[in-house]
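This report walks through a protein–DNA model. Please load the structure and keep the viewer open while reading.

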There are 2 protein chains.
Amino acid sequence: MPTGRRERKKAATRQKIADAALRLFLEQGYDAVGIRDVAAEADVAVTTLFSHFASKEALVFEQDEDFEQRLTRAVTDRAPHEPLIPALRHEIQALVRHCTADSVAPIWRMIDASPALRKYEESMRLRHAESLATAIAADPDLSVTPTAARAIARFVIDAYSLAREATDPQAAVGEIFQMIEAAWVVTCPSANSTGTARP
Amino acid sequence: MPTGRRERKKAATRQKIADAALRLFLEQGYDAVGIRDVAAEADVAVTTLFSHFASKEALVFEQDEDFEQRLTRAVTDRAPHEPLIPALRHEIQALVRHCTADSVAPIWRMIDASPALRKYEESMRLRHAESLATAIAADPDLSVTPTAARAIARFVIDAYSLAREATDPQAAVGEIFQMIEAAWVVTCPSANSTGTARP
DNA sequence: ACCGTAACACTAACCGTTAGGGTTTTGAAC
DNA sequence: GTTCAAAACCCTAACGGTTAGTGTTACGGT
């Protein structure tokens, strides 16, 4: 039903704001740039900015819904009888690879440098873990208690978070997922071994 | 060297502020009470309040250092050759029991109701996990990689957080620690089984 | 052509937090 | 005791993120 021009203009405004924000943040530092600066640079009113982004921090984590969806889809969209943990490991490996790439490295350096952004990222991760837990608990092939589903979901998010900060991110993912695999196995006594290949 | 009156007066002021804050928060709700209200109720200046507490949220989590110390001491002060995970499980069980007691239940209900407080608690947990990881990595009896130590520390903190929210907190601690035990075992191939007794 | 409404703008404020600068209290050295 | 430095406290004013209130414009469906 919704045709097009309005939505295109809205999306353009949102993008214009996000671009302006990221540019200023990287140029001058997150804390040195005020909301009023961003709004001026994007040529919109402050209230307009806040109608597109819930907070200053949200300007940086513009596309965090992608992250959430990729994780839940790794669970829901996997092939029938494909084991859960390797699927999640694969997805986390891809996500870690993506966020340690050179092109986005300055952004993550900025995030790590700002307490406000770190805090925001942490609370985001809680949301992600809850979504992932729901997806795991909803899978009919798996019969796990709600508590076990939540625990595994947190562990997986922890793996992402820890790997990002590790000196060798890929190796850290492997190491932590070996632990997650072991934790997973004890939740379902009838489970098959799933092979956490790491030479 | 530091004798006494000054410190006693300072501690008294701090306590007066914390008491006033908690009273107002529980009466009227965290978000409905402003810093200026708390300062007025405690009969101190706003700047004085902030010289005792780093933020509004810190008024609620007044004694979070206890939590951190109890966890790290559970690692450092355990008997020689006493296995790590059961010691941690025991401590977490005590902490969960404490924070689900009726006397403090309203406080935690208030925390769960306020996004700002939840966010603050989450970032606190990260600090706690980092301290715990340091304690684990520093234990000469254990030979774990830094990554494994951090992972286990996070899992333990997750256990606390998840158990608090579970319908049966004690059972949740048991369930999650079974998983942690399994994760722990794979980090040190030469480890002994430690018996996660749960009938 | 018309109307409801989504998107945007402007102003003015609220609230947590901090800087700047001053006063009193305390502990200790003399 | 007197004196002195520092600690603890107070006050005012502001800064920066965020929101409410109140329009105005541009779009889309009828």
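## Terms and model

A polar contact is a pair of N or O atoms within 3.5 Å; within protein, one atom must be able to donate a hydrogen and the other to accept it, and residues adjacent in sequence count only if both atoms are side-chain atoms. By that cut-off, an N or O atom in the side chain of Thr47(B) lies 2.9 Å from a base nitrogen of DNA strand D.

The model is predicted: local features need pLDDT of at least 70, side-chain atom pairs count only at pLDDT 80 or more, and totals for chains, interfaces and linings use all residues. Residues are numbered from 1 along each chain as its sequence is written, chains are lettered from A and ligands numbered from 1 in the order in which they are written, and side-chain values use heavy atoms, with hydrogens and water left out.

## Two protein copies

Chain A can be laid on chain B with an RMSD of 0.1 Å. The operation is a turn of 179° with a shift of 0.1 Å along the axis. The superposition is by least squares on the C-alpha atoms of residues with pLDDT of at least 70 in both copies. The two copies are thus related as by a two-fold rotation axis.

The copies meet through the same surface, because 100% of the interface residues of chain A are also interface residues in chain B.

## DNA strand C

A residue is near a strand if one of its heavy atoms lies within 4 Å of it. Around DNA strand C there are 25 residues, of which Thr13(A), Ala45(A), Thr48(A), His52(A) and Lys9(B) come nearest. Sugar and phosphate account for 67% of the strand C atoms that come within 4 Å of the protein. The surface near this strand has 7 nonpolar, 9 polar and 9 charged residues. Here Ala, Val, Leu, Ile, Met, Phe, Trp, Tyr, Cys and Pro count as nonpolar, Asp, Glu, Lys and Arg as charged, and the others, Gly among them, as polar.

Two side chains of chain A reach phosphate oxygens of strand C: Thr13(A) at 2.7 Å and His52(A) at 2.6 Å. Thr47(A) instead places a polar side-chain atom 2.9 Å from a base nitrogen.

## DNA strand D

Strand D also has 25 residues around it, with Arg5(A), Lys9(A), Thr13(B), Thr48(B) and His52(B) nearest. Of its atoms within 4 Å of the protein, 68% belong to sugar or phosphate and the rest to bases. Arg36(A) has a side-chain N or O atom 3.1 Å from a base nitrogen of strand D. On the backbone, a polar side-chain atom of Thr48(B) is 2.5 Å from a phosphate oxygen.

## Helix α7 and the loop after it

Helices are DSSP runs (H or I, at least four residues), numbered from the N terminus. In α7 of chain A, residues 105-113, Ile107(A), Trp108(A), Met110(A) and Ile111(A) are buried. Buried means under 20% relative accessible area, exposed over 50% and partly exposed in between, with a 1.4 Å probe and protein chains only. The buried residues fall within an arc of 155° seen down the axis, so they line one face of the helix. That arc is taken over the directions from the helix axis to the C-beta atoms. On the other side, Arg109(A) and Ala113(A) are exposed.

Ser114(A) sits in the loop between α7 and α8 of chain A. At 2% relative accessibility, Ser114(A) counts as buried. Beyond its neighbours within four places in sequence, Ser114(A) is in contact (heavy atoms within 4.5 Å) with Tyr30(A) and Asp31(A).

Conventions: Helices (H or I, at least four residues) and strands (E, at least two) are DSSP runs, numbered from the N terminus.
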